[in-house]
Amino acid sequence: MAGLQQQQSLITALQDDVLALSMTCRDAVGVLQQDAPPRPPQQQQLPAPSPQQQQQAQLEFARLKAKEIALIVQTIDQKVDQLPQIADSEPRQVERLRQLQELNDAEGEQLREVVVRTDKWLAQVRALFQQISEEHLASVVAGQK
C-alpha cells in the first residue's frame, strides 16, 4: 500500500512539473513574441531602449527561460525514471495484475464480512427497538385503563 501511495505522490509531482513547464513555455513564448500591448506614449517616461538593448534583453531572457525549461525537463526525466517500468514484459504485467486482483478480492471479502456482521447487528437493534416500542405502547395503554 505504501508503494502505491509513493507512486501516486510521484505522479502528482510529475503533474506539477509538467504544469510548471507549460507555464514557463507559455510565458517565454509570450514575452519573446511581445504579446503585451504597448504602453500609451504619455505613460512612457523612460527613453525607449535601443534595438541593440532590446535584442540583448530578449537574448538574455531566452537564455534564462531555456535554462529553466532544461531544469524542469531534467526533473521530469528523473521522476519518470523512478516510476515502475512500463516496458516490463507482458507476463510480469499479468502477474502484477493477478497479485493486485488477489489483494482486491481479499479486501472485498473482508468488507463483505463486515457488512454481514453489521446487518446482523442492525437486525438486533431493530428487534430491540421494536420490543421497546411495544412495551412502551403496552404501558401507555395500561395507564389509560
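Which residues in α2 are buried? They are K65, I72, I76 and K79. The model is predicted. Its protein chain has three helices and zero strands. Read from the N terminus, the order of elements is α-α-α.

**Whole chain**
- The protein chain has 145 residues, and buried residues make up 8% of them.
- Its accessible surface comes to about 12,600 Å². Carbon and sulfur atoms hold 59% of that surface.
- Take the contacts in the protein chain with a separation of 6 or more: residues 24 or more positions apart account for 94% of them.

**Helix α2: length**
- Helix α2 covers residues 51–82, which is 32 residues.
- At 1.5 Å a residue, the helix should span 46 Å. The expected span uses one less than the number of residues, so the 32 residues of α2 give 46 Å.
- The end C-alpha atoms of α2 are 47 Å apart, which agrees with the expected span.

**Helix α2: K79**
- K79 belongs to helix α2.
- Its relative accessibility is 19%. K79 counts as buried because the cut-off is under 20%.
- The K79 side chain makes a polar contact with the side chain of D17, at 2.7 Å.
- Setting aside neighbours within four places in sequence, K79 is in contact with L10, A13, L14 and D17. D17 is thus named twice for K79: in the polar contact and in the contact list.

**Helix α2: A66**
- A66 also sits in helix α2.
- With 44% relative accessibility, A66 counts as partly exposed. That value falls between the cut-offs of 20% for buried and 50% for exposed, so A66 is neither.
- A66 and C25 are 41 residues apart along the chain. Their C-alpha atoms are separated by 9.0 Å.

**Helix α3 and the nonpolar patch**
- L97, L100 and L103 make a nonpolar surface patch of about 290 Å².
- L97 is found in helix α3, which runs over residues 90–144.
- Is L97 buried or exposed? L97 is exposed, with a relative accessible area of 58%. The cut-off for exposed is over 50%, which is why L97 qualifies.

**Recap by residue**
- K79 is buried at 19% relative accessibility, A66 is partly exposed at 44%, and L97 is exposed at 58%.
- K79 and D17 pair through their side chains in a polar contact.
- L97 shares its nonpolar patch with L100 and L103.

Conventions. Residues numbered from 1 in each chain as written. Predicted model: local features only at pLDDT ≥ 70, side-chain atom pairs only at ≥ 80, totals over all residues. Heavy atoms only, no water. Patch = residues over 30% accessible without salt bridge, like charges linked within 9 Å, V, L, I, M, F, W, Y side chains within 5 Å. Areas by Shrake-Rupley, 256 points an atom, 1.4 Å probe, with all protein chains shown as cover. Salt bridge = Lys/Arg side-chain N within 4 Å of Asp/Glu carboxyl O. Helix = DSSP H or I, 4+ residues; strand = E, 2+ residues; numbered from the N terminus. Buried < 20%, exposed > 50% of the residue type's maximum accessible area, 1.4 Å probe, protein only. Polar contact = N/O pair within 3.5 Å; in protein donor to acceptor, adjacent residues only side chain to side chain. Contact = heavy atoms within 4.5 Å.
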